[in-house]
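Please examine the sequence and the model displayed here before reading the report. The headings below separate the topics for reference.

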Amino acid sequence: MAYIEICNTIQLAGVPKDAIRLSLFSFSLSGETKRWLHSFKGNSLKTWDEVVEKFLKKYFPESKTAEGKATISSFHQFPDESLSEALERFRGLLRKIPTHRFSEPIQLNIFIDGLRPQSKQQLDASARGKIKLKTPEEAMNLI
């Protein structure tokens, strides 16, 4: 997401956001991924959506996605891990597999279900009752 955030800081009159993303993408790559992008002939990748689709298909095949989803689904807080450390680790798992397709409510349920009882109590206390959040970010705001 950092790439998109950086691209969104650039605005050129009459130039669509996707055109900026498309033209700057190769500068965000190196090594094998940059060679992969340059392997496409001429302007065969005409839209940002095409680049995203091909990139995800190449670097996040179904097998990798399935493995990552299993890892995310089985998230558990480590015994010596603080609540904020657990959240950061969980966020890292989500970033590692951008093709996971878990909705935010599902992400939140996975995260909360994986917490130790003491951490759940801490969140409930911060929320002044049973925690009712919509996103993991809301949990971070309570910490």
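The report treats confidence, secondary structure, nonpolar cores, salt bridges and selected local features in turn.

## Model and confidence

The structure is a predicted model. Over the protein chain the mean pLDDT is 87, and 89% of the residues reach a score of at least 70. Confidence varies between the elements: helix α6 (residues 83-96) has the highest mean pLDDT, 94, whereas helix α9 (residues 136-142) has the lowest, 57.

## Secondary structure and overall packing

The protein chain contains nine helices and zero strands. Its pattern along the sequence is accordingly written α-α-α-α-α-α-α-α-α.

Of the 143 residues in the protein chain, 34% are buried. When contacts between residues at least 6 apart in sequence are considered, 50% of them join residues at least 24 apart. The exposed area of the protein chain is about 9600 Å², and carbon and sulfur atoms supply 55% of that area.

## Nonpolar cores

The largest nonpolar core consists of 16 residues. Those with the most contacts inside this core are Ile72, Phe75, Phe90, Ile110, Phe111 and Leu115. Helices α6 and α7 (104-113) each supply at least two residues of the core, and the largest share, six residues, comes from α6. Helix α6 is also the element with the highest mean pLDDT.

Isoleucine 72 illustrates the packing in this core. With neighbours within four places in sequence left aside, isoleucine 72 is in contact with Phe90, Leu93, Leu94, Ile97, His100, Phe102 and Ile110. Two of these partners, Phe90 and Ile110, are also listed among the core residues with the most contacts. A second, separate core has 13 residues and includes Trp36, Leu45, Val51 and Phe55.

## Salt bridges

The structure holds four salt bridges, among them the three described here. Arginine 35 pairs with glutamate 32, with the closest N and O atoms 4.0 Å apart. Arginine 35 and glutamate 32 are separated by about one helical turn because they lie three residues apart in helix α3 (residues 31-38). Arginine 35 counts as exposed, since its relative accessibility is 55% and the threshold is over 50%. Glutamate 32, at 44% relative accessibility, is partly exposed.

Arginine 91 and glutamate 88 form another salt bridge, in which the closest N and O atoms are 2.6 Å apart. Both residues lie in helix α6, three residues apart, or about one turn of the helix. Arginine 91 has a relative accessibility of 18% and therefore counts as buried, the limit being under 20%. Glutamate 88 is partly exposed at 35% relative accessibility.

A further salt bridge joins glutamate 81 to arginine 89, the closest N and O atoms being 2.8 Å apart. Here the acidic partner, glutamate 81, is buried at 8% relative accessibility, while arginine 89 is partly exposed with a relative accessible area of 23%.

## Local features

Which residue other than glycine has a positive phi near 60 degrees? The residue is arginine 101, which is found in the loop between α6 and α7. Its relative accessibility of 69% places arginine 101 in the exposed class.

Serine 119 is found in helix α8 (residues 117-126) and is buried, at 2% relative accessibility. Leaving aside neighbours within four places in sequence, serine 119 is in contact with Gln77 and Leu83.

A nonpolar surface patch of about 220 Å² is made by Ile10, Leu12 and Val15. One of these residues, leucine 12, is found in the loop between α1 (2-7) and α2 (17-24).

Terms used
Residues numbered from 1 in each chain as written. Predicted model: local features only at pLDDT ≥ 70, side-chain atom pairs only at ≥ 80, totals over all residues. Heavy atoms only, no water. pLDDT = per-residue confidence, 0-100. Helix = DSSP H or I, 4+ residues; strand = E, 2+ residues; numbered from the N terminus. Salt bridge = Lys/Arg side-chain N within 4 Å of Asp/Glu carboxyl O. Buried < 20%, exposed > 50% of the residue type's maximum accessible area, 1.4 Å probe, protein only. Contact = heavy atoms within 4.5 Å. Areas by Shrake-Rupley, 256 points an atom, 1.4 Å probe, with all protein chains shown as cover. Core = buried A, V, L, I, M, F, W, Y, C linked by side-chain atoms within 4.5 Å. Patch = residues over 30% accessible without salt bridge, like charges linked within 9 Å, V, L, I, M, F, W, Y side chains within 5 Å.
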